[in-house]
Amino acid sequence: MLRCCGSGRWAQRVADHRPYPDAASLLAAADEAAYDMSQGDLTEALARESSAELGHGAPYAALVALDAARAEYERTFGHAFVICLDGHPPEEQISQLLAAIRRRMAHEIDEERSIAADELRLVARSRLLCLLDRLAGVHREGPGDGLSAADFGLFAPVG
C-alpha cells in the first residue's frame, strides 16, 4: 500500500478495512483515507514521491525544460511535483506536465498543497488499479502459478 501512497496512516487505514467486496469499494476507501489525511500525513506522502519519468521519445529541449521546471517547483514548494496523467496519451504527457507545472507555480503554498493532495489521491487510485491489474494477471496464469487478489486479502471471498 505504501507504494500507492507514501502516507503510513493512509496505507494502514486502507489495509485495516480489508477484505473489500470489490474494486470500487477499495477505491472508495482509498479516497476516504486520502481525504482524511492530516497535514503531517500529506507531508509524509509528498516526501516519498518522486517526479515520474517520461518516455524516451520526448525531445531533448522539452526534457531540459521539464527538469528546470521541476527543480523550480521543488525549491518553491518543498516537494516533488505530483500530477496524475491518466487519460493523456504518452505523446501529450510532456506538454501536459510542463503546462501544469507552469500553471501551478503561480499558486500560493496552501493552495498548491491542496491541489497536490488531490493529485496524490488520483495517483494513489491509479497505482491501486495497476496493482489490481497485476494481481489479476498473476491469477490468470493458472492455478498454482501465483497469488490471487483474495490471497492478498484485498477482497472478500465470493460464493
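A nonpolar core is a set of buried Ala, Val, Leu, Ile, Met, Phe, Trp, Tyr and Cys residues joined through side-chain atoms within 4.5 Å. The model treated here is predicted.

**Exercise 1. The core**

Task: State which members of the largest nonpolar core touch the most other members, and which helices supply it.

Solution.
Step 1. The largest nonpolar core has 36 residues. Cys5, Trp10, Val14, Ile101, Leu120 and Leu128 touch the most other members.
Step 2. At least two residues of this core come from each of H1 (8-16), H2, H3 (39-47), H4 (60-77), H5 (90-104) and H6 (109-140).
Step 3. Take leucine 128 from that list. Setting aside residues up to four places away in sequence, leucine 128 touches Met1, Cys4, Trp10, Leu26, Leu27 and Ala30.

**Exercise 2. The chain as a whole**

Task: Describe the secondary structure, burial and contact range of the chain.

Solution.
Step 1. Count the elements. There are six helices and zero strands. The order along the sequence is α-α-α-α-α-α.
Step 2. Turn to burial. Of the 159 residues in the chain, 38% are buried.
Step 3. Look at the surface. About 9,300 Å² is exposed, and carbon and sulfur atoms supply 54% of it.
Step 4. Sort the contacts between residues at least 6 apart in sequence. Of these, 67% join residues at least 24 apart.

**Exercise 3. Helix H2**

Task: Check the span of helix H2, then list its buried residues and the contact at its start.

Solution.
Step 1. H2 covers residues 23-35, which is 13 residues. From first C-alpha to last, H2 reaches 18 Å, close to the 18 Å expected at 1.5 Å a residue.
Step 2. Leu26, Leu27, Ala29, Ala30, Asp31, Ala33 and Ala34 are the buried residues of H2.
Step 3. Recall helix geometry. An α-helix has 3.6 residues a turn, so residues three or four places apart point the same way.
Step 4. Go to the start of H2. There, a side-chain oxygen of aspartate 22 comes to within 3.3 Å of the backbone nitrogen of alanine 24.

**Exercise 4. Two buried aspartates**

Task: Explain why aspartate 31 and aspartate 41 count as buried, and find their side-chain partners.

Solution.
Step 1. Place aspartate 31. This residue lies in helix H2.
Step 2. Aspartate 31 has a relative accessible area of 13%, so it is buried. The cut-off is under 20%.
Step 3. Find the partner. The side chains of aspartate 31 and arginine 125 share a polar contact of 2.7 Å. Not counting residues up to four places away in sequence, aspartate 31 touches Arg121 and Arg125.
Step 4. Place aspartate 41. This residue lies in helix H3. Aspartate 41 is buried because its relative accessible area is 9%.
Step 5. The side chain of aspartate 41 makes a polar contact of 2.6 Å with the side chain of arginine 9. Beyond its neighbours within four places in sequence, aspartate 41 is in contact with Ser7, Arg9 and Asp36.

**Exercise 5. Two positions on helix H6**

Task: For arginine 113 and alanine 124, give the burial and the contacts that are distant in sequence.

Solution.
Step 1. Arginine 113 lies in helix H6. Its relative accessibility is 18%, so arginine 113 counts as buried.
Step 2. Arginine 113 and threonine 43 are 70 residues apart in sequence, with C-alpha atoms 9.3 Å apart.
Step 3. Arginine 113 touches Gln39, Leu42, Thr43 and Leu46, leaving out residues up to four places away in sequence.
Step 4. Alanine 124 is also placed in helix H6. At 3% relative accessibility, alanine 124 counts as buried.
Step 5. Glycine 6 is 118 residues from alanine 124 along the chain, and their C-alpha atoms are separated by 9.1 Å.
Step 6. Leaving aside neighbours within four places in sequence, alanine 124 is in contact with Cys4, Cys5 and Trp10.

**Exercise 6. Cysteines**

Task: Count the disulfides, and explain why cysteine 4 and cysteine 84 form no bond.

Solution.
Step 1. Fix the cut-off. A disulfide needs two cysteine sulfur atoms within 2.5 Å.
Step 2. Test cysteine 4. The closest cysteine sulfur, in cysteine 5, is 8.4 Å from that of cysteine 4, so it is too far for a bond.
Step 3. Test cysteine 84. The closest cysteine sulfur is in cysteine 130, at 9.5 Å, so this is too far for a bond.
Step 4. Read the count. There are zero disulfides.
Step 5. Add burial. Cysteine 4 counts as buried at 4% relative accessibility, and cysteine 84 counts as buried at 17%.

Definitions and conventions:
Residues numbered from 1 in each chain as written. Predicted model: local features only at pLDDT ≥ 70, side-chain atom pairs only at ≥ 80, totals over all residues. Heavy atoms only, no water. Helix = DSSP H or I, 4+ residues; strand = E, 2+ residues; numbered from the N terminus. Expected span 1.5 Å × (residues − 1). Buried < 20%, exposed > 50% of the residue type's maximum accessible area, 1.4 Å probe, protein only. Polar contact = N/O pair within 3.5 Å; in protein donor to acceptor, adjacent residues only side chain to side chain. Contact = heavy atoms within 4.5 Å. Areas by Shrake-Rupley, 256 points an atom, 1.4 Å probe, with all protein chains shown as cover.
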